[in-house]
Structure formats: C-alpha cells, structure tokens
Amino acid sequence: MEESLNNELDHISPLNENIPDEEGIQHLNNPVTDLKPIVKQYLTSVKEVKKENNKFYFSDGSARVEVRVVSDEIIRVRLAPHGVFLDDFSYAVPQVDQKVTLFRLEETTDHYLISTNVVTCRVSKADFLISFIDIHTGLVSGSDASAMHWEENVEFGGYYVFATKHCQPEENFFGLGDKSGNMNLRGRKFQNWNTDAYSYGWDQDPLYRTIPFYMGINEGATYGIFFDNTFRSYFDFGKEDNVKTSFWADGGELQYYYMHGPHMMDVVKRYQSLTGTHQLPPKWAIGYHQCRWSYYPESKVREIAEGFRSREIPCDAIYLDIDYMDGYRCFTWNKKYFPDPKKMIKDLANIGMKTVVMIDPGIKVDDNYWVFKEGKENNYFCRRSDDYFMEGHVWPGRCQFPDFTNPEVREWWGGLYKELVDLGVAGVWNDMNEPAVFGSGTFPNDVRHNYDGRRGSHRKAHNVYGMQMVRSTYDGLKKLQRNKRPFTITRAGYSGMQRYACVWTGDNVATWEHLKIANIQCQRMSISGVPFCGTDIGGFSGEPDGELFTRWIQLGVFSPFMRAHSAGDTSEREPWSFGEPFTSINRKFIELRYKLMPYIYSVFWEHHRYGFPILRPLAMLEQENIANHFRQDEFTFGDKILVCPVLEQGATSRRIYLPKGKWYNFWSHELLNGEDEYVIDTPLETMPLFVRAGSIVPEYPVMQYVGEKPIDEVWLNVYYADYEVNSFMYEDHGDTFAYEQDIYLEKKFNVKGDGRSLHIEQSIEGLYTPNYELYDYNVIGLPFTVGKIFVDDKEIFDFSIDEQKCLRFKSNKNFMRINILKA
Ligand code: MIG
C-alpha cells in the first residue's frame, strides 16, 4: 500500500491522474497529509433492527444504517458511523415524497428482506452486505462487495465514506453527467469537484459539474445509484479492481438512492422524480443563439443582429459577454460601449432578437460600487475560517463572493436583476460559478458557508455553489418577470440544477475530437438528468474551418441548447463567416431547427411533464444488446428522430446503426430495417437523419425567429408504417406558466397502416386554443395508390400526390379520425 500511495503522489498532474483510490485518500491541496496511516472501519454484523413507518434501522451495536422505502422502485440507504444521522437535507432532492403503499420486512436465517412490489433490499446479518433483488426475475443488482465503511477525518472532523459493490463481468456503466470521455464508464475512475476547465481534453476530469448518479446495465437490466453527497466524490467502475465498483467522498454522509429499472429510461425518470425536471423554457430559448466573447460596442451587436436578418439566417438571441459591464462589475454597463442599453435592447427586440447577458459571482471590492456596498453592509459575502473575507482575483480584480447557500443572499441577488429586466434583458448567463478564482482555481477549503442554516465549509458547499447561484438568478427573474418563463444558463452545477437552468459545456476547443466529445457530452448530460444542454458550437478556443463549423451546426440542430460561441482572440464566428458553400448549408440546417420547432418543443414538454430525457443514446434505446453499450454516435432526439452526426473531417460516408423498427431516411424517404448497420453518404450538405416509421413529425414554416409570423397551418409529416405508432404534439403560449393551469394542448396521434389503408386518430387534452385552423398533411411512404380519404367519416376530394410521391391534403385541426384507403 505504501508503494501504491507513492505512485499516486508521483504523478499528481493537473489533469486526470490525481484521483486517489479507495486505499489512498489524497488531498489535492496537501499531499503530505496522505501519508498518515489509514484506519478504515467497516460495518460488522447486524445486531438490531427497528422499524419506523417507511424507515428501517439496522445497527451493528454502534453504527446505524437507515433503509428507507421511497417508492416501489426507489430505496434510500444511509449510514451513521456512530449512530447519529446528519440532518436530512439535500439541495438535489428538495423533498423525498412518499410514493409507496405496500412494503414489508421479513427475516430469514441469514437476511433481513425489505420488499416492495418490485424490489427487495436484502441486508445480510453476518456481514451487513446490502443488495437489491428484482422480485420478478430474481436478478441481483448493486450488491455490496464489502460492507459500507468509513475513515475518521482528523483534520476536518467527520468521515471519509465508502461503498464498494460488485461489478459483474459484463456490466457496463453510464451517467455521471459532466465527463468528456467515452459514454460507457466501465474500467474508469472519476471524481466530482466543480472545476473551471478551460480547453479541457478528452477524458479530463473533473469538469464543471457534479452529478453523482450512475446506471449499471447487467444481464439486460438497468438500475441506478444516486450518491447524494456534495463533497468531493469519487467513482470507480472496475478500474482498481475489475470486479468492484466503488464510490466514496471526502466527507458528508454515505447516502444513496437505489433506483430500479429494468429499463434505463425508467431509471432516468426515477432519478428525475427525485431531483426534478427542467421547466418548459420560453420557446425562443430553443431557437438558434449567437454568442461571442464579446460583441461590443453597441454598433457591433447591431451589425451582427442585422447580419442575421439581411442574410435570412434565423436567430433568436444574441449574447453580451463580460465586456458590456463597467470594469466587469456585475449589474452595471460600460457606457462608452453601450450608451443607451434600453434603446439597443428594444431595437434588437423589434427585429426579433433577444438579449442575454452574463453575470458572474465575483463582486469587485469597491466601496463606490452599490452591489459591493450592499453585500458588505448585509454581511452577504463568504468568509474564511478566521472570519476574514474570502477574497480572490477574477475579471474585475480583487473580489468578494456572495454566499449563495444563504437563502437571504439568494433573495437579495435575485432582486439585483431588476434593472436588467427593466431594460428588457431576456435571459441571464451565469459563468465562473464553480466558483472559479484566478491562480488558486477556486476557494480554499476553510471558507465558511451558511448551507441553508446547516453550516459547512467549502468542502461541503463547493459543488453546490454554482447551482445555488443560478437558483437565485432563476427565482429572481421569475419574480421580476411575473408570469414569464425565465431563461438562465449555468456553467457549474450539482444534481437538481435542471430545476433552475440550462447548461453549456464550458470552454471546449475547435477540433474534430471536441466535436466527438460534444456529441457524447450532450447525450450523457441528457441521461444524467440535465436535458437542456449544449456545447459552444464551433469550439470556444481555436479556429474551426468551414467544414468543422458546419458539422458542428448540424450536431447543434439536435443539441437541446443550440448556441455558437467563441473566445475573444479567435476570428469571426458567425454562420456566414466561412463563405460559400458553408453559409448556405448553415442556413439550411438552422432553418431545419425552426421547421422542427413544434416537434422539439413537444420533446421538451415530454421531459418536463414526464421526466423523459431529450437525447436518448443507443444504449438506452436497446440496452439488451451489449454492442450498443459501446456505440456512442447515434442517438434519438425525442422518440422519433434518429441522428448520427458526421464527426470525421472529410467524411463522404459513414457507418450507422439503426435500432429496432423501420426507419425512413429523412432526406430520401428510403425505408430501412432496424437492427442493422448501413453506410450512408454524407456530403457536407447533409447528415444522417432518420424518422421512425409510423411517426407524425409536426413542422412549422421557417421563421427568422420564434413568433415572427402567425402560424396559418401546421404541417404534419406522416411516415407510413404497417404497424401502430403513437406520436404527440404539445402547444401553448410559449413563454408563460399558464401551462401549470392546464392552458396547453397535448395532442396524441395514433397512426396505423395495414398495406391497404392508413388510419390516423387524434385525441386532444388541455385548454389552449391555437390560432391556426388547418393541418397540412404530407404522407410519406404510402405503399398503395390512394383511392379515397375520409376525415371524420366525410369524404374529401381535394388531395394530390407531389413530385416526391407524398400524399398532400388538409384537414381541420380538430379532426378525430382520418382514413386513407387504397384505390
Ligand atoms: O475566464 O466571460 O466559459 O464562455 O466567454 C473566462 C468570458 C470567462 C468563461 C466562459 C466563456 C466566456 C468567458 N468566461
């Protein structure tokens, strides 16, 4: 062990070599303290069991374990090394709702068994090992390889806490949100400590966000573990020891939720039921956005905005990075660059361009600056252990930092946005909230935090700092904008951040490798509970060529958040910056985003309301096929559209895999069978896109921005299938919370073909009334010549077959039944 410790110390590097293993806790700040002897204590054997409502307490005489039945499929386990549990408080899980009716405790010779209708949590008496068993299949998941254990932390108090589980021979792992390597986590080791990771590389770790949630797939069944611990945490998926999966943290409680599957989709939905889903974003937030560090002065901002309109490239928002501020003081304006922000924002709004501004956490130490003065007078800034203020240099120079874990500070900070909202600012972008500090990287460990009245050092609050910042931004905007949906973006976060913001993946690089990272990262965030995610299209640092930028735009159409961004020292980076043919292709793809708007918006609703992820990797679509655990390029956006971005320079074709079912090539309408691989041509003006047969994909006319024109008709693309498929479409006002009062429409379509006819049924739920009256159908792939069409049993005669061989006709938007019959 001595030797392995030394090895670890030998290669401390700023990148990903510095993860201690379970046997050698390593403080990054002070490697010397690692050399103290390690005394780990393990749970011994179960001596006592007690039941209190839905909680069961097991004790080995001194340590206690709580097993709580949260729902039929979710069970929470907590450890108290000396019998006393910490306050049951979590930023990730605002409320542990009780959703279970039936459960029971049984005792056998060797075990205690706590069972719901779905899963049994088994605690072995002799060695305190905990495992989870599917009641129906008997499959054992997430079983302890050793009993939960801990090590006293002499320096800070509390314990390092550890769980070690079996890793099955063919088990693969997914999740953890913000990682930059392969999607499958098997054989690797990670840590979570929110880090400003400028120009991060493949597999660099840690990055900006902490999502201590993973899923294991074994024998075709998925389960999940959410280790709700905000301290620096670690995960090892069979790296140190091929047969073990461990997770541990530098402090806090060993507390995790076991979430039963059997499908990955079920587990993700259960994770979202604990940590919440994203609110519906304002519709404009899912349009195309243009950003740069920075567009200034005002004339430049106008030139860019008008550049979109004159070139007829759709765009909904333009961003102001830090240079709009006066000396980087948050909530101020540089009056030289922006003499009349209100007028500028209004003029931009008049051409349909929203303004989003950046706000950082560092507040300049300056007694003539009102934000600093208010923070100082009210004691809102973080302090060190000996009561000095936490000071560090960021963009404005010497700064102090609000303690966003204090509810009073959050309230104050939320109110600071008043002037920006009054000026017409439409959204806020919170950067540097890991928190990032020049030189040292972040705050020292001894900084104190309020932690919502529970108190804690930065060790405990670090990973939630950014999330609490953007929470305060979101809540503040929500109040100030009255009933309008806030739009917020955050760089840092912790599990549950999706309740307050969308995210971008930070400072990536203009390389083809980063395009691959971007594709995996967005998918991974999506299945880790953070669906509204995007990358800096084009790469933040470095220079993409036209081809790379265009391929990134293509991926961006199918990134939930679609924004181009670039660092200040790079060349111009607008969709037209690379000349032809790139400009036209970029336009065509951004237009596609706008055409698909009703589909994309519906997928956001499905996430918000039902907890479905927006992007679904192949491993989720077909988890029973182990080969899919290693495929990471293809994914579906929602349920209907399969995307396979082109990720290689100069590629003229690429291999793709289609999952079960039948798929239409989006461009050629060729019908292909799933569960097979194909080689698809990929000239720059196209990318492999497929639509599930039987789908209805709604489409809007191209607009230059959301809401540019009233919608006269919604186009319904119907993809014929000789089986039955459901689709749906969601509609509402687009920027209010009226949907919470049922002012929305959820339309379900059922499509069924049988070779001689095609039936479409519609059912409508909700109270919203859209302005348009008609659906305009485009039926693709009909295998027969059309004889008659009936809409609600009335024959219609006005139909045609277009040059693409698609059937075209119209109906009233409230139709219930359509029958298309063979001649
Ligand atoms: O230290 O505000 O990730 O998007 O343009 C750099 C300037 C600070 C980092 C963000 C980037 C942003 C930049 N910021």
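The exercises below, with worked solutions, concern helix packing, ligand contacts and backbone features.

The model is predicted, so local features need pLDDT of at least 70 and side-chain atom pairs count only at pLDDT 80 or more, while totals for chains, interfaces and linings use all residues. Residues are numbered from 1 along each chain as its sequence is written, and side-chain values use heavy atoms, with hydrogens and water left out.

**Exercise 1. Describe how helix H6 packs on helix H8.**

Step 1. Two packed helices are described by the angle between their axes and the distance between the axes. Helices (H or I, at least four residues) and strands (E, at least two) are DSSP runs, numbered from the N terminus. Axes are lines fitted to C-alpha atoms, for helices over the stretch in contact, with angles from 0 to 180 degrees between N-to-C directions.

Step 2. H6 covers residues 407–415 and H8 residues 458–480; their axes come within 7 Å and cross at roughly 50 degrees. H6 is therefore oblique to H8. Angles under 35 degrees count as roughly parallel, over 145 as roughly antiparallel, 65 to 115 as roughly perpendicular, and the rest as oblique.

Step 3. List the contact residues (heavy atoms within 4.5 Å). H6 contributes Arg410, Glu411, Trp413, Gly414 and Gly415, and H8 contributes Gln468, Met469, Arg471, Ser472, Thr473, Gly476, Lys479 and Leu480.

Step 4. Sort them by class: Ala, Val, Leu, Ile, Met, Phe, Trp, Tyr, Cys and Pro count as nonpolar, Asp, Glu, Lys and Arg as charged, and the others, Gly among them, as polar. The contact of H6 with H8 has three nonpolar, six polar and four charged residues.

**Exercise 2. Repeat the analysis for H3 and H4.**

Step 1. The axes of H3 (residues 298–311) and H4 (residues 341–350) come within 11 Å and cross at roughly 5 degrees. H3 is therefore roughly parallel to H4.

Step 2. Glu298, Val301, Arg302 and Ala305 of H3 meet Lys343, Met344, Asp347 and Leu348 of H4. By class, the contact of H3 with H4 holds four nonpolar, no polar and four charged residues.

**Exercise 3. Locate the cis peptide bond at Pro262 and the positive phi at Asp387.**

Step 1. The cis bond joins Gly261 and Pro262, with omega about 10 degrees. Pro262 sits in the loop between strand E20 (254–259) and helix H2 (264–275).

Step 2. Asp387 is not a glycine, yet its phi is about 85 degrees. Asp387 belongs to the loop between helix H5 (370–377) and strand E25 (392–394).
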